[in-house]
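Please find below my notes on the structure, set out as numbered points for you to follow with the sequence and the coordinates at hand.

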Amino acid sequence: MESSSPATVSAGHGPGPAPADLLRRLRARGAGDPVTHVERVPARAGVPAPWPSWASAELRAAFTRRGVVAPWQHQAQAATLAYEGDHVVVATGTASGKSLAYQLPALATLLADPRATVLYLAPTKALAADQLRAVAALELEGVRPACYDGDTPRAEREWIRRHSRFVLTNPDMLHHGILPGHAQWSGFLRRLAYVVIDECHTYRGVFGSHVAHVLRRLRRQCARFGATPVFVLASATSGDPATAAGRLTGLPVTAVTEDASPRGGVTFALWEPPLLPPDSVAAPPDSSSVPGQAAGDHDDLRQVRRSALRETADLLADTVAEGVRTLAFVRSRKGAEVVAANARRSLDDAVPGLGDRVAAYRGGYLREERRELERALLHGDLLGLASTNALELGVDLVGLDAVLICGYPGTRASLWQQAGRAGRSGQEALAVLVARDDPLDTYLVHHPEAIFGAPVEATVLDPANRYVLAPQLACAAVEAPLTPADLVLFGDGAKEAVDELVAAGALRQRPTGWYWRHRERPEVDLRGEGGAPVCVVESATGRLLGTVDGGSSHFLLHPGAVYLHQGVSYVVDELDLADGCALVHVEEPDWSTHARDVTDLSVVSVRSYVDAGPVGMFLGEVDVTSQVVSYQRRRIATGEVIDTRPLDLPARELRTVAVWFTLSPQSLALAGVQSADVPGALHAAEHAAIGLLPLMATCDRWDIGGLSTAVHADTEAPTVFVYDGHPGGAGFAERAYGTASAWLRATRDAIAECGCETGCPSCVQSPKCGNGNNPLSKPDAIRVLDVVLANLPE
Ligand SMILES: [Zn+2]
Ligand SMILES: [Zn+2]
């Protein structure tokens, strides 16, 4: 939830130590200085604005009763644009009150026009439920807000369709329920004045591309009933939000990005855990009992830095001991529990009982439990909380004295959302990013300009992906026959996709349009990516826990995999691919599992290329064949590899989009790369390039795959491929191609500046390498990238 007003309640807790003093004491603790950079983010005074003249006295009074004295300038600006009929996206920081920007015009319109309706979309049910409470609390006559999602009882659904004028739902329900049932919704859709899309930056990649077409289907149904609703979008701070919102909705969207809410100053430190002395590195555990285990496999991933989890736990204990209210963000739930447990232990060692003031927080808690933890932390009964990113969506916890971020959360947008929990108006706070042992984190703590000087990432989605477009057009055709005008609405590639559907016998062309030929609706899962979903079933009870899309099932549900579902840990006993189900039992081992695959790739077509003498840079379609062949078990607390176990799963095909570069063998020889070292050089460059791509696009390295080879059959040259791990592509490779020189320069610098000798997880080793990180040549990878950068135009 966003606090939405200058009158936001702040915690009743006295000032702690000044952040600069606190940081000085934290960094003086160990031997060397772990802090690589300190940035002062200055305080900002809020800029209030008058209530817009079109907001009625009744509406203003309702907000004033809820503590909103006046809007901030960005809220008023976005609200007025929307009220005047412009599609608008408001993209500002955590707790900047984005909800007021859409509530104001939407509710003003509902009050002024007793027939008008509003549709609100959130990425999660929990967020929609929070928003429902906020709207209901305004107690406005005749609005009758209601959630309509998978949990809504059948008995209430008809009432909501007929009487609610502010319906809160999610894109999945719009896709599966509301649009197919448009006849029942015709009264609502006919009068639709606003569509609100909250947290719209979460609609990225393949999921985002699906949602983009669900919104086009919504616009199409509205148009059939004569309605042209205004779209109001709320986004976390993101790069070029107008373009991303335009791609998502298919409409011209105006962006409001100037955050006028007040903010306390933050001292932001970048923290790199120290290298462990070589003799203290744990020897790899004995793996002789595992058949098929490659000798020496473990040495490659041996840990060389102190783990970010341990470092974060120590920092949490230290800040709590100073009486500082601290929130630590940790990527996994188990990791959050490890951090909390270690911090509690060291506090209890120092002062028995002090450990009780630290807790772990995770998704899956009941709302009341979450509220109680938040209350305890805001009031200072609790001083330290270790949390997963569950807090990022829909929880009102801001104004802390310190925030520790264990590992880069993947995007600058998320980083600022997390850091934004620190500091309240008029008070200074501390934020610390603790680097994990991987290339991106290492690069960032040595390149503060990539965090503090760079705009946040653009949200990437590709509505022209034909693997998304064709099934979405099929859904649209079921809802109403497609017409030539619809092809314009659905955009690039729509005509080709319709032709394909006709050729496949799914659509039939008649004089009045293209008709769906089957009785059943097409099965399309917005969050899946092709392939029938695999059901996850608890063996003991036969209970269906959930489904995993076919594309991820080999990675997530192989026998022996640890599978997390709503905070509960299960271990997979059996993956039955024929029946599409995985049998699991409840178990919480202290290791995590990481599947590894081997890959083959062939080029299908080239979309675009740059001929740069001895270097070529390409974007095109490729066929990838991959097979999950083994998995590693790793200790959660330390990341230490326990063993690698073989798997027997079939190979799978993926047609997707890749970016690749080639080098002439002569240029490599001239640069001093011996021919025997070419495979290791390319492989190391590939790993680091994958690790650094999230700097350019909103993806993480798990969304992307890579392949490198000294001679590729299709390019006939030494080649490094990086491809989208989603059928049809998700826009990541395209983005990499568009920013190639900046991307590969950052990759080169990350490798060159890593303090290790022969390569480590902070530079060229990859946790998901199918070849056990072998061969890898760190110095030659730098030479490869130098050749590319010397020839490639900026
Ligand atoms: Zn390294
Ligand atoms: Zn590899």
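1. I begin with S387, which at 0% relative accessibility counts as buried; please keep in mind throughout that this is a predicted model. S387 is found in strand β12, and, leaving aside its neighbours within four places in sequence, S387 is in contact with L327, A328, F329, V330, A336 and Y361.

2. The rest of β12, which spans residues 384-387, is buried as well: G384 and A386 point one way from the strand, while L385 and S387 point the other way. Which residue of β12 is the bridge partner of F329? That partner is S387, and the pairing to which strand β10 (residues 326-330) and β12 belong is parallel, with four bridges.

3. Strand β12 also pairs with strand β11 (residues 358-361), again through four bridges and with the two strands running parallel. Here A359 has L385 as its bridge partner in β12. Not counting residues up to four places away in sequence, L385 touches L316, T326, L327, A328, A359, A360, Y361, L373, L377 and L397, so that A359 appears both as a bridge partner of L385 and among the residues that L385 touches.4. L385 is also one of the residues that touch the most other members of the largest nonpolar core, a set of 79 residues, alongside F268, M617, F661, L695, W743 and L744. Helix α22 (residues 678-692) gives the most to this core, with nine residues. Apart from this core lies another, of 41 residues, among them A55, A78, L127 and V143.

5. A separate point concerns the open sheet of seven strands, in the order β4-β5-β3-β6-β7-β2-β8, in which the pairing is parallel. Because β4 (145-147) and β8 (254-256) stand at the edges, each with a single partner strand, one side of each is left without a neighbour in the sheet. The twist from one strand to the next averages 15°.

6. At one of these edges, β4 and strand β5 (residues 166-169) run parallel and are joined by three bridges, and within β5 the bridge partner of A146 is V167. Helix α4 (residues 98-112) packs on the sheet, where it touches β2 (88-91), β3 (117-121), β5, β6 (192-197) and β7 (230-235), and the direction of α4 makes about 170° with that of β6.

7. Turning to charged side chains, the structure holds 26 salt bridges. As general background, side chains of opposite charge can pair when their charged atoms come close. One such pair is R375 and E372, whose side chains meet at 3.1 Å, N to O; both residues lie in helix α13 (residues 367-379), three residues apart, which is about one turn of the helix. R375 counts as partly exposed at 36% relative accessibility, and E372 counts as partly exposed at 42%.

8. R375 has a salt bridge with D381 as well, at 3.5 Å, N to O, and D381 counts as partly exposed at 44% relative accessibility. What links R306, E311 and D314? These residues are linked in a network of salt bridges.

9. The salt bridge between D786 and R748 has its closest N and O atoms 2.7 Å apart. Because D786 lies in helix α25 (residues 778-791) and R748 in helix α24 (residues 740-753), the pair ties together parts that are 38 residues apart in sequence. D786 is partly exposed, with a relative accessible area of 32%.

10. How many disulfides does the structure hold? The number is zero. Among the cysteines, C200 counts as buried at 9% relative accessibility, and C763 is buried with a relative accessible area of 1%.

11. My last point is V604, which lies in strand β22 (residues 591-612) and counts as partly exposed at 36% relative accessibility. Leaving aside its neighbours within four places in sequence, V604 is in contact with E621, V622, D623 and R655. V604 and D714, in turn, are 110 residues apart in sequence and 9.2 Å apart in space, C-alpha to C-alpha.

Technical notes. Residues are numbered from 1 along each chain as its sequence is written. Chains are lettered from A and ligands numbered from 1 in the order in which they are written. This is a predicted model: local features need pLDDT of at least 70, side-chain atom pairs count only at pLDDT 80 or more; totals for chains, interfaces and linings use all residues. Side-chain values use heavy atoms; hydrogens and water are left out. Buried means under 20% relative accessible area, exposed over 50%, partly exposed in between (1.4 Å probe, protein chains only). Two strands pair if DSSP finds at least two bridges between them. A salt bridge is a side-chain nitrogen of Lys or Arg within 4 Å of a carboxyl oxygen of Asp or Glu. A disulfide is a pair of cysteine sulfur atoms within 2.5 Å. Contact means heavy atoms within 4.5 Å. A nonpolar core is a set of buried Ala, Val, Leu, Ile, Met, Phe, Trp, Tyr and Cys residues joined through side-chain atoms within 4.5 Å. Axes are lines fitted to C-alpha atoms, for helices over the stretch in contact, and angles run from 0 to 180 degrees between N-to-C directions.
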